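Visitor: Please take a close look at one part of this model, the place where protein and DNA meet. Give me residues, atoms and distances, and then set that part in its surroundings.

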There are 2 protein chains.
Amino acid sequence: MNIGDVSRRSGLPAKTIRYYEDIGLVQPPRSGNGYRTFREIELHKLAFLGRARALGFTIEDCRTLLALYEDDGRESAQVKNVAEGHLRKIDQKIAQLQSMRGTLAHLIEECAGDHLPDCPILEDLAGE
Amino acid sequence: MNIGDVSRRSGLPAKTIRYYEDIGLVQPPRSGNGYRTFREIELHKLAFLGRARALGFTIEDCRTLLALYEDDGRESAQVKNVAEGHLRKIDQKIAQLQSMRGTLAHLIEECAGDHLPDCPILEDLAGE
DNA sequence: ATTGACCTTCCAGTAGCTGGAAGCCCCATG
DNA sequence: CATGGGGCTTCCAGCTACTGGAAGGTCAAT
């Protein structure tokens with residue numbers, strides 16, 4: 001399998017796959033012409049990475065999760081720990097965005113949005 | 001006012017203030033020794049930027065908002081338009097995060113988090 | 001032989017800073 | 001007057017996770 005096939009089958013852009021090789025997440029062997037050749041195992045890892053990234057895990061988290069996945073001696077507590085840490089980060093981000101959203105939506109409501117220059121949004125940003 | 005004073009009064013790190021000068025958001029004049037000298041107007045702009053950034057506006061949005069703020073001929077509709085665009089982006093991010101959160105929280109619930117290797121989180125990432 | 005779709009590497013850029021090095025400047029103290 | 005400490009300067013590199021593009025090699029079909 002060349003990179004294009006893997007890209008199609010994993011849903012990851014070829015550029016991303018090369019990048020993942022660069023940072024050591026996958027190690028596809030090379031064939032005589034220098035092309036990367038992917039086996040099912042690499043495809044599987046890339047699909048794993050794609051799903052983990054889709055859940056918002058950082059690359060470093062992905063590296064950890066992949067290592068745990070391949071470690072038969074792992075304890076599910078280790079995995080859960082990584083996931084819980086990530087969940088907390090997500091919750092923080094949601095809270096921050098919702099706080100911004102609240103302020104912003106309020107300001108937008110107050111703003112006439114007409115042809116006149118008076119604008120409560122700018123007034124707020126200017127500190128009244 | 002030197003950069004340290006402005007940093008204290010605006011709450012922005014000195015590094016950030018220099019960066020904002022770099023990208024043309026403020027233009028503090030220089031005194032004989034090469035130091036930036038800030039007047040009230042620059043401090044005011046920086047505080048404006050700090051508030052806009054705290055609401056999550058991008059630097060480019062900030063640039064636009066600052067220009068509108070300084071333009072007496074503006075129409076509040078222009079400001080509202082920028083704010084509404086930003087609100088939509090925030091809503092998209094919140095939705096995405098909440099979707100991730102949902103999946104992740106579900107997986108975490110399923111995971112025993114004990115000393116055994118069996119882990120539904122990893123199973124899900126591996127595609128079952 | 002040539003075309004076109006692949007593949008390769010390498011460099012640069014994205015957003016918004018942040019850290020650190022090397023080196024002036026200014027004021028206060030001894 | 002020398003020295004020390006804090007503040008200021010510039011410049012370069014690094015962070016996250018890719019993405020775009022250039023220059024060039026490879027392969028299969030016509």
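Guide: What follows takes the DNA strands in turn, then the relation between the chains, then the largest pocket. Keep in mind throughout that this is a predicted model.

Start with DNA strand C. It is surrounded by 19 residues. The closest come from both chains: A:Gly4 and A:Arg36 from chain A, and B:Lys15, B:Tyr20 and B:Arg53 from chain B. Look next at which part of the strand faces the protein. Of the strand C atoms within 4 Å of the protein, 70% belong to sugar or phosphate. The rest belong to bases.

Now the individual atom pairs. A:Gly4 uses its backbone: an N or O atom there lies 2.6 Å from a phosphate oxygen of DNA strand C. B:Tyr20 uses its side chain, where an N or O atom is 2.6 Å from a phosphate oxygen of strand C. A:Arg18 also works through its side chain, with an N or O atom 3.1 Å from a phosphate oxygen of that strand. Three elements give two or more residues each to this surface: α1 (3-10) and α2 (14-22) of chain A, and α2 (14-22) of chain B. The biggest share comes from α2(B), with 4 residues. By class, the surface near strand C holds 7 nonpolar, 6 polar and 6 charged residues.

Move to DNA strand D. It has 19 residues around it. Those that come nearest are A:Lys15, A:Tyr20 and A:Arg53 from chain A, with B:Tyr35 and B:Arg36 from chain B. Of the strand D atoms that come within 4 Å of the protein, 67% are sugar and phosphate.

Again, go pair by pair. The side chain of A:Arg53 places an N or O atom 2.7 Å from a phosphate oxygen of DNA strand D. The side chain of B:Arg18 has an N or O atom 3.2 Å from a phosphate oxygen of strand D. B:Tyr35 reaches a base instead: a polar side-chain atom lies 2.8 Å from a base nitrogen of strand D. The elements giving two or more residues here are α2 of chain A, plus α1 (3-10) and α2 of chain B. The top contributor is α2(A), with 4 residues. This surface divides into 7 nonpolar, 6 polar and 6 charged residues.

How are the chains related? Chain A can be laid on chain B by a turn of 180° and a shift of 0.0 Å along the axis, with an RMSD of 0.0 Å. That is the relation of a two-fold axis. Within chain A, A:Ile94 has the C-alpha nearest the axis, at 3.0 Å. The interface fits this picture. All of it is shared: 100% of the interface residues of chain A are also interface residues in chain B, so the copies meet through the same surface.

Finish with the largest pocket. Its volume is about 170 Å³. Chain A lends A:Leu97 and A:Met100 to the lining. Chain B lends residues including B:Gly56, B:Thr58, B:Asp61, B:Val82 and B:His86. In terms of elements, α5 (76-110) of chain A and α5 (76-110) of chain B each supply at least two lining residues. The most come from α5(B), with 6. The lining counts 4 nonpolar, 4 polar and 3 charged residues.

One more position, this time in chain A. A:Asp61 is found in helix α4 (residues 59-70) of chain A. Leaving out residues up to four places away in sequence, A:Asp61 touches A:Val82 and A:His86. A:Gly85 is 24 residues from A:Asp61 in sequence, and their C-alpha atoms are 9.8 Å apart.

Key: Residues numbered from 1 in each chain as written. Chains lettered and ligands numbered in written order. Predicted model: local features only at pLDDT ≥ 70, side-chain atom pairs only at ≥ 80, totals over all residues. Heavy atoms only, no water. 1 Å grid on protein atoms, 1.4 Å probe; cavity = no way out; pocket = protein on both sides within 12 Å on 5 of 7 lines; lining within 4 Å. Points joined across faces, edges and corners; volume = space filled by probe spheres on them. Nonpolar A, V, L, I, M, F, W, Y, C, P; charged D, E, K, R; others polar. Least-squares fit on C-alpha atoms with pLDDT ≥ 70 in both. Contact = heavy atoms within 4.5 Å. Near = heavy atom within 4 Å. Polar contact = N/O pair within 3.5 Å; in protein donor to acceptor, adjacent residues only side chain to side chain.
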